[in-house]
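User: I would like a close look at one part of this protein: the packed nonpolar interior and the strands and helices around it. Please keep the account plain.

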Amino acid sequence: MIDLSIIVVTYNSSEVIEGFLTCLEQFPPKCSWELVVTDNASGDGSAEVVKRRFPEARIAVNATNNGFAAGVNQAARCAGGRYLLLANPDVTWQEGTIDRLIGFLDMHPRGAAVTPRLAFPNGRPQPSTRRFPTHSNIWFSRGTPWGERWPGKWGPWTYTLPDPDHAARVEAISGTFLLLRRDAFVEVGMLDERFFMYVEDTDLSKRLRDAGWEAWIDPGIVIRHKWGGFKKRSEVLRRYHREGIRKYFQKHHPEKRIRNAFLGLALWVSGLVAGGRDTDSEQ
């Protein structure tokens with residue numbers, strides 16, 4: 001077993017993954033590592049870009065887009081690292097970043113996951129952690145039109161949380177650049193492939209917490225994330241996010257049928273509103 005498997009899922013990512021691969025060349029981890037890539041039927045030669053820069057990488061090219069969660073699991077099943085780094089193809093980092101994340105989990109034996117602080121390329125902070133979704137705070141998720149207008153900064157209704165000043169245990173963390181303890185990841189069943197894209201990281205955080213594991217953020221470690229570097233209409237992404245929210249509540253709060261039904265209806269209406277807004281903007 002090697003120390004680290006870096007797992008990347010690509011989908012038409014050729015324009016953004018060059019920066020990722022440059023960082024991997026310039027700032028590789030000091031431990032033993034491998035690069036494992038799942039390409040979800042890209043039409044822009046994303047897999048070829050990786051193969052040209054890292055011919056030793058393991059690359060699986062799918063005939064169809066199976067979604068992010070399925071792509072991660074596909075790579076994880078053939079990965080050999082005791083740690084797994086789930087990394088978006090549109091992230092960049094500095095010297096020692098990956099080593100510091102590994103050192104953090106080495107020092108926290110009950111830590112199953114750790115994320116760095118996320119930032120846009122210009123350095124502006126990006127949401128890195130959040131609370132577990134409830135029927136109250138979910139209205140302030142960025143996947144809903146209400147969350148886009150009112151970010152929910154009112155005490156217990158807060159969903160997205162500001163980054164702490166020091167390393168801290170948190171409820172749900174982003175899967176953008178997430179270091180996982182392989183044993184814990186496998187123990188809870190890896191990612192739930194019912195989530196095509198979005199909310200799968202929150203679901204994983206919840207299952208890790210329920211199994212007695214810890215999730216952490218170390219804000220002293222910072223990576224840059226373009227956030228949305230692949231080409232898709234914004235409403236398509238919002239639809240995936242709304243669907244992920246709906247599935248999360250059906251899975252973790254099945255007893256709250258009336259609330260779930262009301263939430264599902266509200267998400268459907270917000271989709272109609274958002275779809276109309278996008279259509280108007282294209283005319």
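Analyst: What follows goes from the overall make-up to the core, and then to the strands and helices. The model is a predicted one.

The protein has 9 helices and 12 strands. Of its 283 residues, 54% count as buried. Among the contacts with a separation of 6 or more, 80% are between residues 24 or more positions apart.

The largest nonpolar core has 33 residues. The members that touch the most others in this core are Leu4, Ile6, Phe20, Leu35, Trp93, Phe177 and Leu179. Leu179 can be followed in detail. Leaving aside residues up to four places away in sequence, Leu179 touches Leu4, Tyr83, Leu84, Leu85, Leu101, Ile102, Leu105, Ala112, Ala113 and Val114. Another core lies apart from the largest one and has 27 residues, including Ala75, Val170, Met190 and Leu208. As background, nonpolar side chains in soluble globular proteins tend to be buried together.

Next, the strands. Strand β1 covers residues 2–10 and pairs with β2 in the parallel sense, over 7 bridges. Within this pairing, Ile7 has Val36 of β2 as its bridge partner. Strand β2 (residues 33–40) has 7 of its 8 residues buried, so β2 is largely enclosed by the rest of the structure.

Then the helices. Helix α1 (residues 14–26) and helix α2 (residues 46–53) have axes that come within 10 Å and cross at roughly 20°. Angles under 35 degrees count as roughly parallel, so α1 is roughly parallel to α2. The crossing of the two helices is right-handed. On the α1 side, the residues that meet α2 are Ser14, Ile17, Glu18, Leu21, Thr22 and Glu25. On the α2 side, they are Ser46, Val49, Val50, Arg52 and Arg53.

Last, a sheet with antiparallel pairing. This open sheet has 3 strands in the order β8-β7-β10. The edges are formed by β8 (160–161) and β10 (172–173); each has a single partner strand, so one side of each is left without a neighbour in the sheet. Strand β7, residues 129–130, pairs with β10 in the antiparallel sense over 2 bridges. In that pairing, Thr129 stands opposite Ile173 of β10.

Definitions and conventions:
Residues are numbered from 1 along each chain as its sequence is written. This is a predicted model: local features need pLDDT of at least 70, side-chain atom pairs count only at pLDDT 80 or more; totals for chains, interfaces and linings use all residues. Side-chain values use heavy atoms; hydrogens and water are left out. Two strands pair if DSSP finds at least two bridges between them. Helices (H or I, at least four residues) and strands (E, at least two) are DSSP runs, numbered from the N terminus. A nonpolar core is a set of buried Ala, Val, Leu, Ile, Met, Phe, Trp, Tyr and Cys residues joined through side-chain atoms within 4.5 Å. Buried means under 20% relative accessible area, exposed over 50%, partly exposed in between (1.4 Å probe, protein chains only). Contact means heavy atoms within 4.5 Å. Axes are lines fitted to C-alpha atoms, for helices over the stretch in contact, and angles run from 0 to 180 degrees between N-to-C directions. Angles under 35 degrees count as roughly parallel, over 145 as roughly antiparallel, 65 to 115 as roughly perpendicular and the rest as oblique. A crossing is left-handed if the near helix is turned anticlockwise from the far one by less than a right angle, and right-handed if clockwise.
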